[in-house]
Amino acid sequence: MVHENEESIPPPVMWAQRTNCVFLTVCLEDCKTPEIRLEPEAIYFKGIGGTEKKLHELTIPLFKEIDPEKSAKFVRDRNIEIILKKKEEGPYWPQLTKDKKKYHWLKVDFNKWKDEDDSEDEFGGGQPDDLEEMMRSMGGLGGGDTKPNFDVDVESDSDDEDLPDLE
């Protein structure tokens, strides 16, 4: 149970970016109903979670403005994913926050990070302008067709032909 005088702690956050958006992952398990406010210049997060069910709270002043209307958030069992649509597409931000301080709770998400000059990315060279398309590729917005469609002809699987018998 959370007590009123209990001090909140910032949850661990990982981030990555593209020219048109920023990916945030709030690493907090079992956070059922977090309060998340996306504002043009800041992100506010408050929620109870983790193994000890502690109160976590955080305000991130952003380096540049985002478009809250076109941004999205997904509350999952193991974390909360937030995709921030940059107000102006352009060069990578030198850091996530407005100030240049180092934060112990903030780390780069190397799994999602792509270098700015890296022309190859998971969207086949170009980035989708459509954020919904990007979210679908991340398993977010399922547009009705949520089952994967595997068009595989089982009869002609070339790997299975002419295998020697096991002795």
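The dialogue below asks how some terms applied to this predicted model are justified.

Biologist: What should I know about the source before we start?

Modeller: The model is predicted, so local features need pLDDT of at least 70 and side-chain atom pairs count only at pLDDT 80 or more, while totals for chains, interfaces and linings use all residues. Residues are numbered from 1 along each chain as its sequence is written, and side-chain values use heavy atoms, with hydrogens and water left out.

Biologist: Why is the contact of R37 with E35 called a salt bridge?

Modeller: The term requires a side-chain nitrogen of Lys or Arg within 4 Å of a carboxyl oxygen of Asp or Glu, and the closest N and O atoms of R37 and E35 are 2.6 Å apart, so the pair qualifies.

Biologist: What makes K87 and E65 a salt bridge, and which parts does the pair tie together?

Modeller: Their closest N and O atoms are 3.9 Å apart, which meets the cut-off. K87 lies in the loop between strand 7 (80-85) and strand 8, and E65 in the loop between strand 5 and strand 6 (72-75), so the pair ties together parts that are 22 residues apart in sequence.

Biologist: How do you know whether K87 and E65 are buried or exposed?

Modeller: Buried means under 20% relative accessible area, exposed over 50%, and partly exposed in between, with a 1.4 Å probe and protein chains only. K87, at 52%, therefore counts as exposed, whereas E65, at 32%, counts as partly exposed.

Biologist: Why are strand 3 and strand 5 said to stand at the edges of their sheet?

Modeller: Strands here are DSSP runs of E of at least two residues, numbered from the N terminus, and two strands pair if DSSP finds at least two bridges between them. The open sheet has the order 3-4-5 with antiparallel pairing; strand 3 (35-39) and strand 5 (54-61) each have a single partner strand, so one side of each is left without a neighbour in the sheet.

Biologist: What makes strand 3 and strand 4 a pair?

Modeller: Strand 3 is joined to strand 4 (residues 42-49) by 5 bridges, which satisfies the requirement, and the two run antiparallel. One of the partnerships sets E35 against K46 in strand 4.

Biologist: How do you know that the lining of the largest pocket divides into 6 nonpolar, 2 polar and 4 charged residues?

Modeller: Ala, Val, Leu, Ile, Met, Phe, Trp, Tyr, Cys and Pro count as nonpolar, Asp, Glu, Lys and Arg as charged, and the others, Gly among them, as polar. The lining includes W15, P94 and Y103, Q95 and T97, and K100, so these residues fall under nonpolar, polar and charged respectively.

Note on methods
Helix = DSSP H or I, 4+ residues; strand = E, 2+ residues; numbered from the N terminus. 1 Å grid on protein atoms, 1.4 Å probe; cavity = no way out; pocket = protein on both sides within 12 Å on 5 of 7 lines; lining within 4 Å.
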